[in-house]
Amino acid sequence: TIWSSMYSLYLAITAGRGWGDYLDLLYAVDVSVAAVFVCFLTFCLFGVMNVVTSVFVESAMQSSQHYKDLLLQEKMVNDRLNVRHMKEIFKIMDVDGSGSISADEMADFLHRPEFELQSYFEALDIS
């Protein structure tokens with residue numbers, strides 16, 4: 001009957017019973033029926049593998065995109081922090097509060113050992 005055929009196909013796909021057993025029985029009936037059965041199994045197995053693979057690939061792509069977003073966000077935070085630090089340094093350099101830094105103010109600041117400006121720039125990866 002059709003129900004027993006569908007049940008047999010289900011068992012063959014889910015390894016409830018070895019598909020080789022069914023293939024032997026179908027081969028005894030006709031080679032073309034056995035070929036159709038093998039094509040059915042191949043189509044179902046590759047279809048399932050394709051779906052499972054696509055789920056894993058999609059998950060990996062989403063994870064990768066999330067990681068890239070986190071890296072970009074971290075870089076933006078670091079850039080803002082570096083800019084804020086640089087503004088603080090320029091405010092310290094501007095001794096007279098004029099809003100601009102003269103060559104004398106810059107030279108005086110660079111020669112003051114308590115600031116160690118070169119080390120700070122290296123820490124910020126600024127050459």
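H3 gives the largest pocket the biggest share of its lining, four residues. Keep in mind that this is a predicted model. Around that pocket, helix H1 (2-13), helix H2 (19-29) and H3 each chip in at least two lining residues, and a Tyr 22–Phe 37 ring pair links H2 with H3.

**The pocket**
- Its volume comes out at about 190 Å³.
- The lining is made up of Ser 5, Ser 8, Leu 9, Tyr 22, Leu 25, Leu 26, Val 33, Val 36, Phe 37 and Phe 40.
- By character, that's eight nonpolar residues, two polar and no charged.

**The aromatic pair**
- Search the whole structure and you get one aromatic pair.
- The partners are Tyr 22 and Phe 37, with ring centres 6.5 Å apart and planes at 65 degrees, so this one counts as edge-to-face; the cut-off for that label is over 60 degrees.
- Tyr 22 sits in helix H2 and Phe 37 in helix H3, so the contact ties together parts 15 residues apart in sequence.
- Tyr 22 and Phe 37 are both buried, and both also turn up in the lining of the largest pocket.
- Tyr 22 has another neighbour: Arg 17 lies over the face of its ring, 4.8 Å from the ring centre.

**The long run of H3**
- H3 covers residues 31-93, 63 residues in total.
- From first C-alpha to last, H3 reaches 91 Å, close to the 93 Å expected at 1.5 Å a residue.
- Which residues of H3 are buried? They are Ala 34, Phe 37, Leu 41, Cys 44, Met 86, Ile 89 and Met 93.

Notes:
Residues numbered from 1 in each chain as written. Predicted model: local features only at pLDDT ≥ 70, side-chain atom pairs only at ≥ 80, totals over all residues. Heavy atoms only, no water. Expected span 1.5 Å × (residues − 1). Buried < 20%, exposed > 50% of the residue type's maximum accessible area, 1.4 Å probe, protein only. 1 Å grid on protein atoms, 1.4 Å probe; cavity = no way out; pocket = protein on both sides within 12 Å on 5 of 7 lines; lining within 4 Å. Points joined across faces, edges and corners; volume = space filled by probe spheres on them. Nonpolar A, V, L, I, M, F, W, Y, C, P; charged D, E, K, R; others polar. Phe/Tyr/Trp six-rings, centres within 6.5 Å; stacked < 30°, edge-to-face > 60°. Lys NZ or Arg CZ within 6 Å of the ring centre and 35° of its normal.
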